[in-house]
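Biologist: I'd love a close look at one single part of this model, taken slowly, and then a short tour of what else deserves my attention. Please start wherever the pairing of backbone segments is easiest to follow.

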Amino acid sequence: MRPTFVIVGANLAGASAAITLRDEGFDGQIVLIGAEPDLPYERPPLSKAYLRGEVPFEKTLVRPADFYREHNIDLRLGVRVSKVDVVVRRLECTGDERVPYDALLIATGGRNRRLPIPGFDLDGVYDLRTRHHADRIRAEMAPGRRAVIVGMGFIGSEVAASLRTAGVDVVAIEPAKTPLLRVLGEEIGGVVGRLHRDHGVRAIFGDTVVRFEGAGRVERVLTKSGTQIDCDFAVVGLGIEPATEVVAGTAVRVDNGILVDELCRTNVDGVFAAGDVANHFHPVFGRHLRVEHWQNALKQGAAAARSMMGKGQPYDEIHWFWSDQYDANLQYAGFHTKWDQLILRGSLDRRDFVAFYLNGPRIDAAVALNRPKDIRLVIPLIKRRVVVDLENLRDPNVDLRKLATA
Amino acid sequence: MAARPVTVSQVADIKPGELAAVDVEGTRITIANANGRFYAFDDTCTHEQCSLADGILDGTIVTCACHGAQFDVTNGTVVAPPAPTPVRTYSLHVRDGQVVIEV
């Protein structure tokens, strides 16, 4: 009998896995289950071009509807998986439907973090993860309306930029000293902060929201320092938590996501994970790490599919993402949590630079503003753990490609 | 309308592994020198309109620097997303040290 592979998560990671299974010649049954009602789509435009109404939803689809029919992928949308039995290899879905599997891929992604802030449930207070969320924010956007952004991480920063572009008045509240501080550090975060200020965002750093107030609908936001900001709506971006609840109560190990090895395998036979939910062992960095990037969803979904077919290769993709804000293109590659040296090429003031995060003589990660090509060139240096000559790295006249052979 | 030849560059001006954008009657076209063989295609990435000439050429694959989409320069097909559709390619000849494309 031909095997059944079930994928939970009809998103980019899940769809990428289904597509790869067929590409690689898997001829068993593929069941792709998603809680959202929409066909698998890409999320990056939700805070950018789609939010601004510049691209129709159809353009964000991973594949058109026909594709799934033509490739015999059993797509079940609007279905929640309530329970997984990893012993008998069977899922239970809403409506008591049971789906047996031979191999299972968990690609459930993440769920927005919600803090117990009074008034979070008021109308006009939004967060952003799905197309549905984006549609609701978009309906609020009009020149002269007043918005408060809570949290200047990537989602908050991108939404702030899209709102300003649409003529919305924006006040942003961020507990750290700059946007993106935890990831990029104060120096680079400061550049992003000034970018927003120059585009008319009133940013309040070092303060937190303690309450949303309004009669049924948000009218103002109160901060810890006592500032009161009147608004028409608010968008909260506090990051995500990995959506691991589907394996709760099973033997599948969970620690900041579902733990998998470099072949996307969990500790339980026949159960795999990929995408935002997967805390994966990365051979290049020699540790487990979990990222929330478009490219990882795409590539790790595909890697997991090959693994399910028994022809997996260690997944050693150098993680990479972009964040377009206004006319600025920010890109990051690699992985770092701390660094002992930050080496800069270019100018922070002119917003034209690449910065390298080093631990010892090796580049762990790099971030660039309006220098996307440099990010492409640094990826091989990160992947091969090249010991770089710091003087050459600092010298803008030395081609990054040359450093690989030094 | 019949295609006609337009000289867009000198062969010597585009080294192996390099990309160069040229303007042909209002259309920006990228010329790629893939290890000595030349190819021509629309400069504008089909994803978010970045210039492919600002990207990176590796063999016959061009990577858009903005968001990483990849195209095969020999036929314009998408090798890696996020580009949704291929880029248009143009016939190209090398004659007397000049790069000539059909537009």
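Modeller: Two strands count as paired if DSSP finds at least two bridges between them. With that in hand, please turn to strands β4 and β5 of chain A, bearing in mind that this is a predicted model. β4(A) and β5(A), the latter covering residues 90-93, are joined by 4 bridges and run antiparallel. Within this pair, Lys83(A) has Glu92(A) of β5(A) standing opposite. In general, strands of a sheet pair through backbone hydrogen bonds.

The pair belongs to an open sheet of 3 strands in chain A, ordered β4-β5-β6 with antiparallel pairing. At its edges are β4 (81-85) and β6 (98-100) of chain A, each pairing on one side only. From one strand to the next, the twist averages 20°.

Stepping back to the whole of chain A, the domain assignment splits the chain into domain 1 (4-111 + 241-308), domain 2 (125-236) and domain 3 (327-403). Between the centres of domain 2 and domain 3 of chain A, taken over C-alpha atoms, there are 29 Å. Domain 2 of chain A brings 6 residues to the contact and domain 3 of chain A brings 7. On the domain 2 side of chain A, those residues are 4 nonpolar, 1 polar and 1 charged.

Two backbone details in chain A are good to check by eye. Leu180(A), in the loop between β11 (169-174) and α5 (181-198) of chain A, has a positive phi of about 55° although it is not a glycine. Leu180(A) counts as buried because 25 other C-beta atoms lie within 10 Å, where 20 or more are needed. Arg351(A) also shows a positive phi of about 55° without being a glycine, and its place is the loop between β24 (341-347) and β25 (352-359) of chain A. Arg351(A) is buried too, with 20 other C-beta atoms within 10 Å.

Now for the partner chain. Chain B puts 10 residues in contact with 10 residues of chain A, and the chain B side consists of 6 nonpolar, 3 polar and 1 charged. In the loop between β8 (78-80) and β9 (89-90) of chain B you will find Pro82(B); the peptide bond leading to it from Pro81(B) is cis, with omega near 15°.

As for confidence, chain B has a mean pLDDT of 92, with 98% of its residues at 70 or more. Within chain B, the lowest confidence is in β1 (residues 5-10), at a mean of 86, and the highest is in β7 (residues 70-72), at 98. The model as a whole scores ipTM 0.81 and pTM 0.94.

Methods:
Residues are numbered from 1 along each chain as its sequence is written. Chains are lettered from A and ligands numbered from 1 in the order in which they are written. This is a predicted model: local features need pLDDT of at least 70, side-chain atom pairs count only at pLDDT 80 or more; totals for chains, interfaces and linings use all residues. Domain bounds come from an automatic or database domain assignment. Two residues are in contact if their C-beta atoms, placed from the backbone, lie within 7 Å. Ala, Val, Leu, Ile, Met, Phe, Trp, Tyr, Cys and Pro count as nonpolar, Asp, Glu, Lys and Arg as charged, and the others, Gly among them, as polar. Axes are lines fitted to C-alpha atoms, for helices over the stretch in contact, and angles run from 0 to 180 degrees between N-to-C directions. pLDDT is the predictor's confidence in each residue, from 0 to 100. A residue is buried if 20 or more other C-beta atoms lie within 10 Å of its own, exposed if 12 or fewer, and partly exposed in between; C-beta atoms are placed from the backbone.
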